[in-house]
Amino acid sequence: MKRYTKYMFITENEKEEAKKIVKSLTLHEKCLLLSGKDYWHINDLGKFHPYMISDGPSGLRQQLHEADYFGIHESEPSICYPAPVTCASTFDRSLLYQLGESLGSDCLDQDVAMLLTPGVNQKRSPLAGRNFEYYSEDPYLSSEMASYLILGLQSKGIAPCLKHYACNNQETGRMISNSIVDDRALAEIYLRPFRAAIEKTGCPAMMTAYNQLNGIYCSENKALLDFGRAIGFKGAYISDWGAVNDPLRSFQAGLSLEMPGTTNETSEMVENAITQGQWKEEELDQRILPIVELLLSHERILKNKPQRIPFEQRKTIARSIAESGIVLLKNEEHILPLKNNSITVVGSFAKHPRFQGTGSSKVNPVEIENLLDHLDHMYYAKGFDEQGHTNEVLLEEALQLAKKSETVLICAALPASEESEGFDRKSLELPQGINQTIETIAKYHENVVVCVMCGCCVTMPWIDQVKGIVYTYLGGSYGQSALANVLTGQCDAQGRLAETFPRTLDQIPAFEHAFDPKTSEYLESVYTGYKYYDQANVNVAYEFGYGLSYTTFSYSNFSLHDHTVSFTLTNTGERNGTEIVQFYAFSSLPFSTKKLLDFKKVKLDPHESVEIQYDIKEEDLKEYFDQWILRQGEWMIAVASSSRNLHHTFSLQIQGQTVDFIPHAYENAQSVPLLTREDFAKLCSIERAQQNTKRPFDQNVCLLDLMNSSWMYRMIAKQLYKMTDQVELLKTAPLRILKMNSIGRQTREGLLDVFNGHYLKGYKKINRSEIKKFLQENT
Ligand code: BGC
């Protein structure tokens, strides 16, 4: 594979120049740099070219008019690329690099300087609402995908912003919840992708998450921000939109920029704090330095005018990613690729595909394809609508048309409203009407193929009744021609699962579907995803790394010399094909977990063979027990095509350290790697927070607290719910975020007084026109 080099996003000259500029600024100017000029711009002080920031992972969401972080207001048209989940199932570093270049070119076209991507939060639960926006349950795969995307973006002079730092793994109560995570899980699972991406790319910006990590809001969590510095992060810590709890504490801890802008409330407050000796100007200088560096580097990029990828080529890249990310889960009797036979396509998603998720990554696509335009010899029946509802008439029509064809293709999906930032899913099921349609047709027709278009896994109760299952994930603007190419065999089915697909909801550890808006204890510690399912031997539907090709491969001639594994991979079929060779390590040492060490994407012609070598790096076997340690003992290195399909396993004696201080708490977890609450408490001594359940409330009070405090607020809440469709978000949005909606400090204080029962005092402080404007704009 082509080697992509680390690109020094900020040059040495710019670093020197930035220092001089910082020195020359007045205190007032320095403080202005600490928060955005508006919703989407860094404050350029009128001295630099305007610096625009935009979302996001699936394409450019440049909002030039009304702004929001929920994808409500329109953005400028842009290519919608496949969602990160689709990107991850390509296991293709080079495609991710090209995606970075394409996104970078889009940014250059629209004069956007920083793109808020990639997100490397781990998929801790399959129910998490934002899973479509994240790569994988495996930290190594996530970090590789993110790193190559960053390198591609940076090569076009666009600043990436790695997000959401850290442990933002649920949407329920995301702005207030406290993620309680033990040190080992933090090091091995949750911080690892950030670390690897920083080391590999020198990324110039990182977004601090909404939630608290071990009791402290991420934007003011000094330990977290210091950790980033310790692993070499030299860029700007930028808050997620509305994630700052206490601005001064955040800047003191290391934050550089509060977003979005707060009409000078923040800068005035910091300026006062410095004048009154509560904070040192030298520290302020350190915080704003990376911001000035970004402003300067943007000037250079504008002068240099990096070459853009031609627009048509960007579309081809988007289509290639969509093709490569499609995972063929089942292909009984080689029902696919479609022969020249007649087909009936069922499901309104064939006409109106699901191609992206909702929230801040929602793109206004330049175009959207539909599957029907890309298939021949076809009947079409609606079967069910885009909410997944069916009825007898639709079912009957679908059944009659199905009977006319040799093959039936059913396009299933989750309704768009179910996959979004801001809330989690409640179940793993597809809408009942879709399951019913598939089951009804499969009863009468033996050649049924289901195409599933979602950004996350779903349960498939009809799994044994159909011959083919094609998981398209969310393919973006060109996902439907990509799907047609895979269905008709114009390209191989190349994708592999970057996450485990449980068979039923019950297979997910209980705490992963009972999201608590206030506290999230990561009881499973390091046993996430396949590390749990494989070790506990859960009979899942499809394991991590799984996916079929249209051809077959054989693995032979295994050898291990020193630390180098060699073997031969042969395409034993009659078609060109792609294999994703995976390397895993595991050991019989107590409390170790299986882990993906590396992967290679290999394309082979029929009967072609290739020698593959892989160098085992002992560094990759290290585990975190208060420090990174290579444990002495027998380690297994497997050559595999999924986390469970191991073709050969080598045993390796490692001369490492013996560890006699493994936390006691893991002992009970040895056979089934789940910790009890008591074990976890020993491992992680952070207390479950019980904040804001009683008066006096603080500025993090949310509707949920108020509703629990009196019947009056319950009534008010019910009225509010009628005015918005963002109920889940509304319930747990803290009072402080009203700052983002231009509600001034005095009004917020007044509201807090009222919530605390000081009605008159509070009422006097409230600026009613601010509230009126807010309600007009938001209801
Ligand atoms: C999201 C971020 C996004 C930001 C700006 C937040 O709600 O968590 O991922 O970049 O909004 O839209």
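**A chat about strands, a patch and a threonine**

Visitor: Hi! Let's start with M715. Is it buried or exposed?
Guide: Hello! Keep in mind that this is a predicted model. M715 sits in between: its relative accessible area is 45%, so it counts as partly exposed.

Visitor: And where is M715 found?
Guide: M715 belongs to helix 19.

Visitor: Which residues form the nonpolar patch on the surface?
Guide: M715 is part of it, along with W711, M712, I716 and Y759. Together they have about 540 Å² of accessible area.

Visitor: Which element gives the patch its largest share?
Guide: That's helix 19, residues 711-723, which contributes 4 residues.

Visitor: Okay, new topic: sheets. In what order do the strands of the open sheet with strand 19 come?
Guide: The order is 18-19-22, so to speak, with 3 strands and antiparallel pairing.

Visitor: Which strands stand at the edges?
Guide: Strand 18 (553-561) and strand 22 (609-615) do. Each has a single partner strand, so one side of each has no neighbour in the sheet. On average, neighbouring strands here are turned by 20 degrees against each other, direction ignored.

Visitor: How many bridges are there between strand 19 and strand 22?
Guide: There are 7 bridges linking strand 19 (residues 564-571) with strand 22, in the antiparallel sense. As an example to look up, F567 stands opposite I612 in strand 22.

Visitor: Now strand 7. Are its faces covered or open?
Guide: Both faces of strand 7 (residues 205-208) are covered. A205 and M207 are buried on one side, and M206 and T208 are buried on the other.

Visitor: Why do the residues split up like that?
Guide: In a regular strand, side chains alternate between the two faces of the sheet.

Visitor: Which strands does strand 7 pair with?
Guide: Strand 5 (residues 162-165) runs parallel to strand 7, joined by 2 bridges, and L162 stands opposite M206. Strand 10 (residues 236-239) also pairs with strand 7 in the parallel sense, over 4 bridges. There, A236 is the bridge partner of A205.

Visitor: One last residue: where is T578?
Guide: T578 is in strand 20, residues 577-587.

Visitor: Why does T578 count as buried?
Guide: Its relative accessibility is 3%, and buried means under 20%.

Visitor: What does T578 touch?
Guide: Leaving out residues up to four places away in sequence, T578 touches D492, Q494, R496, S549, F553, K601, V602 and K603.

Conventions:
Residues are numbered from 1 along each chain as its sequence is written. This is a predicted model: local features need pLDDT of at least 70, side-chain atom pairs count only at pLDDT 80 or more; totals for chains, interfaces and linings use all residues. Side-chain values use heavy atoms; hydrogens and water are left out. Patches are made of residues with over 30% relative accessible area and no salt bridge: like charges are joined within 9 Å, nonpolar side chains (Val, Leu, Ile, Met, Phe, Trp, Tyr) within 5 Å. Accessible areas come from the Shrake-Rupley method with a 1.4 Å probe; for residues, only the protein chains shown count as cover. A salt bridge is a side-chain nitrogen of Lys or Arg within 4 Å of a carboxyl oxygen of Asp or Glu. Buried means under 20% relative accessible area, exposed over 50%, partly exposed in between (1.4 Å probe, protein chains only). Two strands pair if DSSP finds at least two bridges between them. Axes are lines fitted to C-alpha atoms, for helices over the stretch in contact, and angles run from 0 to 180 degrees between N-to-C directions. Contact means heavy atoms within 4.5 Å.
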